[in-house]
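These are my notebook entries on what I looked up, one topic at a time. I began with the loops and worked inward from there.

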Amino acid sequence: MEALVKQKCTACHKDAPRVTEAEITELKPQIPDWNIVEVDGEARLERTYKFPDFQSALDFTNRVGAAAEDEGHHPALLTEWGKVKVSWWTHAISGLHRNDFIMAAKTDQIATEAS
Ligand SMILES: C[C@H](O)[C@H](O)[C@H]1CNC2=NC(N)=NC(=O)C2=N1
């Protein structure tokens, strides 16, 4: 399987498939620092990144935003002094799609490049 970080998002529509438990087991090792959480009854991928100040947190937020625009798949971003919480899920299906795993891997790559 091609690494998640090299994959492209596909267009999401309301009939797009959610990831299965088997796919989660296969994909999750590529994004080991992400948690699968349930918010309002929907599964999301969540990770909080730490930074030394607000400006670096904001720069990271903007880089993740640019990657989201490139791929047409968008996160929730909560930027605070010294940290950014990133959440990925697919609104169209109220759950997790392969796109979310791809974007989580790309977010990790952005964080690595920034540090
Ligand atoms: C038309 C456009 O591609 C869709 O509305 C996209 C935009 N970005 C999106 N982002 C996320 N996270 N979930 C979606 O369902 C979604 N839909």
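**Loops with positive phi**

I looked first at Asp40, which sits in the loop between β1 (35-39) and β2. The model is a predicted one, and I keep that in mind for every entry here. For Asp40 I read a phi near 50°, which is a positive value in a residue other than glycine. I then checked whether Asp40 is buried or exposed. Its relative accessible area is 73%, and because the cut-off for exposed is over 50%, Asp40 counts as exposed.

I turned next to Ser94, whose place is in the loop between β4 and α3. Its phi is likewise given as near 50°, again a positive value in a residue that is not glycine. Ser94 has a relative accessible area of 31% and is partly exposed.

**The crossing of α2 and α3**

I asked myself at what angle the axes of helix α2 and helix α3 cross. The axes of α2 (residues 54-71) and α3 (residues 98-114) come within 10 Å and cross at roughly 140°, which makes α2 oblique to α3. I noted the crossing of these two helices as right-handed. On the α2 side the contact is made by Phe60, Arg63, Val64, Ala67, Ala68 and Glu71, and on the α3 side by Met103, Lys106, Thr107, Ile110, Ala111 and Ala114. Sorted by class, the contact has eight nonpolar, one polar and three charged residues.

**The largest nonpolar core**

I then looked up the largest nonpolar core, which has 27 residues, and found that Trp34, Leu45, Phe60, Trp88 and Phe101 touch the most other members. At least two residues of this core come from each of α1 (21-27), β2 (42-50), α2, β4 (83-88) and α3. Which element gives the most to this core? I found that α3 does, with seven residues. As general background, I recall that in soluble globular proteins nonpolar side chains tend to be buried together.

I followed Leu45 further and, leaving aside neighbours within four places in sequence, listed its contacts as Ile31, Trp34, Asn35, Ile36, Val86, Ser87, Trp88, Leu96, Asp100, Phe101 and Ala104.

**Two contacts of Leu45: Asp100 and Ser87**

Asp100 lies in helix α3, and I checked its accessibility with some care, finding a relative accessible area of 0%, so Asp100 is buried. Beyond four places in sequence, Asp100 is in contact with Leu45, His73, Trp88, Trp89, Thr90 and Gly95. I also looked up the separation of Asp100 from Lys14, and the two are 86 residues apart in sequence and 15 Å apart in space, C-alpha to C-alpha.

Ser87 is found in strand β4, and with a relative accessible area of 3% it is buried. Leaving out neighbours within four places in sequence, I listed the contacts of Ser87 as Leu45, Glu46, Pro75 and Ala76.

**Thr79 in strand β3**

My last entry concerns Thr79, which is placed in strand β3 (residues 76-80). Its relative accessibility is 23%, so Thr79 counts as partly exposed. Not counting residues up to four places away in sequence, Thr79 touches Phe54, Ala57, Leu58, Thr61 and Val84. For one of these, Thr61, I looked up the C-alpha to C-alpha distance from Thr79, which is 7.0 Å, with their positions 18 residues apart in sequence given as the separation.

Definitions and conventions: Residues are numbered from 1 along each chain as its sequence is written. This is a predicted model: local features need pLDDT of at least 70, side-chain atom pairs count only at pLDDT 80 or more; totals for chains, interfaces and linings use all residues. Side-chain values use heavy atoms; hydrogens and water are left out. Axes are lines fitted to C-alpha atoms, for helices over the stretch in contact, and angles run from 0 to 180 degrees between N-to-C directions. Helices (H or I, at least four residues) and strands (E, at least two) are DSSP runs, numbered from the N terminus. Angles under 35 degrees count as roughly parallel, over 145 as roughly antiparallel, 65 to 115 as roughly perpendicular and the rest as oblique. A crossing is left-handed if the near helix is turned anticlockwise from the far one by less than a right angle, and right-handed if clockwise. Contact means heavy atoms within 4.5 Å. Ala, Val, Leu, Ile, Met, Phe, Trp, Tyr, Cys and Pro count as nonpolar, Asp, Glu, Lys and Arg as charged, and the others, Gly among them, as polar. A nonpolar core is a set of buried Ala, Val, Leu, Ile, Met, Phe, Trp, Tyr and Cys residues joined through side-chain atoms within 4.5 Å. Buried means under 20% relative accessible area, exposed over 50%, partly exposed in between (1.4 Å probe, protein chains only).
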